[in-house]
Amino acid sequence: MSDMRIGFNRPTLAGNELEYIRQSLERAHLSGDGAFTKRCHAWLERRLGAPQALLTHSCTAALEMAALLTDVGPGDEVIMPSFTFVSTANAFVLRGAVPVFVDIRPDTLNIDERLIEAAITPRTRAICVVHYAGVACDMDVIGAIAARHGLAVIEDAAQALMAAYRGRPLGTFGALSAFSFHETKNLISGEGGALVVNDPDLITRAEIIREKGTNRSRFLRGEVNKYTWVDVGSSYLPSDLLAAFLLAQFENAERLDAERHALWNAYHEALAPLEDRGLLRRPLIPAECRHNAHLYYVLARTAGERDALIAHLRTKGIQAPFHYVPLHSAPAGRRYARAMGALSVTTDLSARLLRLPMWYGLGAGAGQVVEAVQEFFRTAEARAAATTGHAASRALARHLARVRSASGEVFQAPPATPPETPHEAPPA
Ligand SMILES: Cc1ncc(COP(=O)(O)O)c(C=O)c1O
């Protein structure tokens, strides 16, 4: 949407990206698992306190690896929310498994842990949680359910780097977790991702699956004198050029995180009065969650009002998209997955949600976004007041007409439908 003055996202250089790419070229190692990839692995492992991180070319790839590593097969079931990106489901559908969608919590929009146990059947193999907007799912309850039923926990932590639950980093709760460094995320490499392997028993196989089903990683470490095909796998590792870019982002993670929180807090504070007046709902962050300011979303009162607000912002040159279309409502969702009940919270909230622009350097642009949102509600309120005013004057006129006709006067009652208001309705 090039005509947008304030786009939803704008990727930025954080520091040494271009210098590191130059160094990578100088080293003449552009394929995977070069020096920059190793430094990225080390950064992630240190940051998360995880035994093994492996860069992938996307979070989608990391989720596909997780599905291979958990050995889910045809007919097996994986519990997950429907309010998520297609890759959460596709990774398991590719293995012949059936996603079982469970509704989300009204506060965080994360999978509702209270509904998980009812979705477990003898075919259930795993629970794949999604930490929406970098806000943690209830990992205490979910971990306990998984342990009770012998299920694997996989974290789709695409949006969750630098976020925590009860002080512990997201991405360290599941046996496996998947991160994204897509250009819309907090730390980026254009396309990119990582699989974090928390279960030490899965590390060797993860390396093999990522290297086309070969033991090439062991060969490169000098542990075997030739490498060969030992398992299923694919090519999941990214070029070291991308790792060079990503490392520069990692090195600036704290500063970028602080900037993002400043922006998130600015939106949150400025929109509080609209929430107080019941005009919209702001994100809710449970006390046990350290979020990462990944998204700033608001919930409008109705789907129609959400669409009107998006359209209004577009007229101001501001791109504020909605988010996931629930997977259970999608053609492939109906074909490959199963829903637990009506998923009414998912359906309702996804239709009322919009995301505000969020990127490093947005600065004063956030003020313009807030102003445009405020203007929308001013206009809407004025229109509502005008409609109420018309209704009141029509009621008064009807009353007068009754009084006057009782007294023999002829009086024309106003039409039943309200006349055009002087206020322009926001475009639909
Ligand atoms: C929850 C979730 N999972 C997975 C993905 C896929 O990430 P990627 O584009 O890195 O494959 C996304 C993308 O935004 C996402 O939001």
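A residue is called buried here when its relative accessible area is under 20%, and that cut-off is worth keeping in mind as you move through this predicted model.

**Stop 1: helix H4**

Begin by selecting helix H4, residues 86–93, where 6 of the 8 residues are buried, so the helix is largely enclosed by the rest of the structure. The buried residues, which you can colour to tell them from the others, are Ser-87, Thr-88, Ala-89, Ala-91, Phe-92 and Val-93. If you now show what these buried residues pack against, you will find helix H3 (59–69) and helix H11 (331–336), together with the strands S2 (77–81), S3 (98–102), S4 (124–130) and S5 (152–156).

**Stop 2: strand S9 and its partners**

Next, select strand S9, residues 193–197, in which 5 of 5 residues are buried. Turn the view to look at each face of S9 in turn: Gly-193, Leu-195 and Val-197 lie on one side, Ala-194 and Val-196 lie on the other, and both faces are covered.

Add strand S1, residues 52–56, which runs antiparallel to S9 and is joined to it by 5 bridges; within this pairing, Leu-54 stands opposite Leu-195. Then add strand S8, residues 176–180, which also pairs with S9 in the antiparallel sense, over 5 bridges, and here you can pick out Ser-180 with its bridge partner Gly-193 in S9.

**Stop 3: two residues of strand S8**

Stay with S8 and select Ser-177, which lies in this strand and is buried, with a relative accessible area of 0%. Its side chain reaches the backbone oxygen of Gly-171 at 2.7 Å. Apart from neighbours within four places in sequence, Ser-177 is in contact with Glu-155, Gly-171, Ala-194, Leu-195, Val-196 and Asn-198.

Move on to Ala-178, also in strand S8, which counts as buried because its relative accessibility is 0%. Draw a distance between the C-alpha atoms of Ala-178 and Val-196, and you should read 6.3 Å, although these two residues are 18 residues apart along the chain. Residues up to four places away in sequence aside, Ala-178 touches several others, among them Cys-59, Ala-62, Leu-63, Asp-156 and Ala-194.

**Stop 4: Lys-185**

Follow the chain into the loop between strands S8 and S9, where Lys-185 lies. The UniProt annotation "active site", which comes from an unreviewed entry, covers this residue. Is Lys-185 buried or exposed? At 15% relative accessibility, Lys-185 counts as buried, because that value falls below the 20% cut-off for the term. With its neighbours within four places in sequence left aside, Lys-185 is in contact with Ala-158, Gln-159, Ser-180, Arg-260 and His-294.

**Stop 5: the ligand**

Finally, select the ligand and the 14 residues around it, of which Thr-60, Asp-156, Ser-180, Lys-185 and Tyr-324 come nearest. Which atoms of the protein lie 2.7 Å from an oxygen atom of the ligand? One is a polar side-chain atom of Ser-180, and another is an N or O atom in the side chain of Tyr-324. From the backbone, an N or O atom of Cys-59 lies 2.9 Å from an oxygen atom of the ligand. On its own the ligand has 400 Å² of accessible area, and the protein covers 92% of it.

Note on methods. Residues are numbered from 1 along each chain as its sequence is written. This is a predicted model: local features need pLDDT of at least 70, side-chain atom pairs count only at pLDDT 80 or more; totals for chains, interfaces and linings use all residues. Side-chain values use heavy atoms; hydrogens and water are left out. UniProt positions are given in the numbering used here, feature names are shortened, and annotations may be inferred rather than shown by experiment. Helices (H or I, at least four residues) and strands (E, at least two) are DSSP runs, numbered from the N terminus. Buried means under 20% relative accessible area, exposed over 50%, partly exposed in between (1.4 Å probe, protein chains only). Contact means heavy atoms within 4.5 Å. Two strands pair if DSSP finds at least two bridges between them. A polar contact is a pair of N or O atoms within 3.5 Å; within protein, one must be able to donate a hydrogen and the other to accept it, and residues adjacent in sequence count only if both atoms are side-chain atoms. A residue is near a molecule or strand if one of its heavy atoms lies within 4 Å of it. Accessible areas come from the Shrake-Rupley method with a 1.4 Å probe; for residues, only the protein chains shown count as cover.
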